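Subject: A structure for you to look through

Dear colleague,

I am handing over a structure that I have been going through, and I would be glad if you opened it beside this message. My notes on what was found follow below it, grouped by region so that you can trace each part in turn.

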Amino acid sequence: MKPIASVVVSLLFAGSLACCPSASGQGGFSGKVAETMDAGGYTYILVDTGTNKIWAAATLFPVKPGDRVAVADSMPMTNFQSKSLNRDFPVISFVGSLTVNGTNPNAAKLPPGHPALGGVPGKELPPNHPPLAEKVAASKNDFAGLKPAKGGKTVAEIYAAKAKLGGKSVTIRGKVVKYNADILGKNWLHIQDGTGSTGSNDLLVTTTGTAKPGDTVLIEGMVGINKDFGSNYKYGVLIEEAKVTVE
């Protein structure tokens, strides 16, 4: 039996899935793994608690049928559609922390890219979904020559005026510094434009559009403020339901 690191999964809940899922809080549970599969940067497990069977998902981790798992924190969602598995789950719990066979020697990071607990979690629940109050390091991109969008805002300006901009549409040009696809029905990307300082130089964007790190993009979307997605995933400001144009 292989020990498993404590797995923390960033849960980004912005917008709704095509199947319109809903989420509600749920405590921990434990049991034996009856079935497991990996897809989209996540490990899915069917846990037999002895009284019922629960589907759960967390960032990729080693596990096999017969292993015993203990989930300390989770967020169940109904009518969840996994595009990578081409499968619908009536109910699935996204895991906040988990151990396998009682061990957690290494802390696993939330997907390279989402939202980690407290802020980012590639795929589905990204392999970098954001971390506890996720902080994205300042990009080393060269922003020279990057002009603000006509009639638009800069990253720093959006942070500075977030109280007035909440619920309003804005346009912003920036460079993608992090990208996670297919997380709860949305793609999550971080943009920077060279403005702002630590804590106000990186902007999270949720969209159905696509881009890749290094792309210069024009973003049009609604400003969301003080968003709390649970499991310590809180965002003071972000752009939601955005239209992304790669330039």
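Let me begin at a turn: in the hairpin formed by S2 and S3, where 2 residues lie between the strands, Gly40 takes a positive phi near 60°. Please keep in mind throughout that this is a predicted model, and that the values I quote were computed from it.

Staying with that hairpin, strand S2 (residues 29-39) and S3 run antiparallel and are joined by 7 bridges, and within S3 it is Tyr44 that stands opposite Met37. Strand S3, which covers residues 42-48, is mostly covered, since 6 of its 7 residues are buried. On the other side of the sequence from S2, S3 also pairs with strand S4 (residues 53-59), again in the antiparallel sense and over 7 bridges. One of the positions you can check there is Asp48, whose bridge partner in S4 is Lys53. S3 and S4 likewise form a hairpin, with 4 residues between them, and in its turn Gly50 has a positive phi of about 100°.

It may help to step back for a moment to the chain as a whole. The chain contains 2 helices and 12 strands, and read from the N terminus on, its elements follow the order β-β-β-β-β-β-β-α-α-β-β-β-β-β. Of its 247 residues, 53% count as buried, while the area that the chain exposes comes to about 10900 Å², of which carbon and sulfur atoms supply 51%.

How many aromatic pairs does a search of the whole structure find? The search finds 3 of them. In one, the rings of Trp55 and Phe89 have their centres 5.3 Å apart and their planes at 70°, so this pair is edge-to-face, as an angle over 60 degrees counts as edge-to-face. Trp55 sits in strand S4 and Phe89 in strand S6 (residues 87-100), so that the pair links distant parts of the chain, 34 residues apart. Both Trp55 and Phe89 are buried. Another aromatic pair is that of Phe80 and Phe94, which is also edge-to-face, with 5.0 Å from centre to centre and 80° between the planes. Because Phe80 lies in strand S5 (residues 68-82) and Phe94 in strand S6, this pair ties together parts that are 14 residues apart in sequence. Phe80 is buried, with a relative accessible area of 1%, and Phe94, at 1% relative accessibility, counts as buried as well. Ring pairs also link Tyr44, Trp55 and Phe89 into a cluster, and this brings us back to Tyr44, the residue that faces Met37.

Further along the chain there is a closed barrel of 5 strands, which runs S8-S9-S10-S12-S11 and has mixed pairing. Neighbouring strands of this sheet are turned by 50° against each other on average, with direction ignored. Within the barrel, strand S8 (residues 169-183) and S9 pair in the antiparallel sense over 6 bridges, and Val176 stands opposite Ile191 in S9. Strand S9 (residues 186-192) also holds Gln192, which is buried with a relative accessible area of 2%, and a polar contact of 3.0 Å joins the side chains of Gln192 and Asp202.

Two further residues of the barrel strands deserve a look. Is Val223, which is found in strand S11 (residues 216-228), buried or exposed? Val223 is buried, because its relative accessible area is 3% and buried means under 20%. Leaving aside its neighbours within four places in sequence, Val223 is in contact with several residues, among them Leu165, Val170, Val237 and Ile239. Val223 and Lys164 are 59 residues apart in sequence, and their C-alpha atoms are 9.6 Å apart in space. Glu240, for its part, has its place in strand S12 (residues 234-246) and is buried, with a relative accessible area of 14%. The C-alpha atoms of Glu240 and Met222 are separated by 5.3 Å, although these residues are 18 residues apart along the chain.

With best wishes,

A colleague

Technical notes
Residues are numbered from 1 along each chain as its sequence is written. Side-chain values use heavy atoms; hydrogens and water are left out. Buried means under 20% relative accessible area, exposed over 50%, partly exposed in between (1.4 Å probe, protein chains only). Contact means heavy atoms within 4.5 Å. Two strands pair if DSSP finds at least two bridges between them. Accessible areas come from the Shrake-Rupley method with a 1.4 Å probe; for residues, only the protein chains shown count as cover. Rings of Phe, Tyr and Trp (its six-membered ring) pair if their centres lie within 6.5 Å; planes under 30 degrees apart count as stacked, over 60 as edge-to-face and the rest as tilted. A polar contact is a pair of N or O atoms within 3.5 Å; within protein, one must be able to donate a hydrogen and the other to accept it, and residues adjacent in sequence count only if both atoms are side-chain atoms. Axes are lines fitted to C-alpha atoms, for helices over the stretch in contact, and angles run from 0 to 180 degrees between N-to-C directions.
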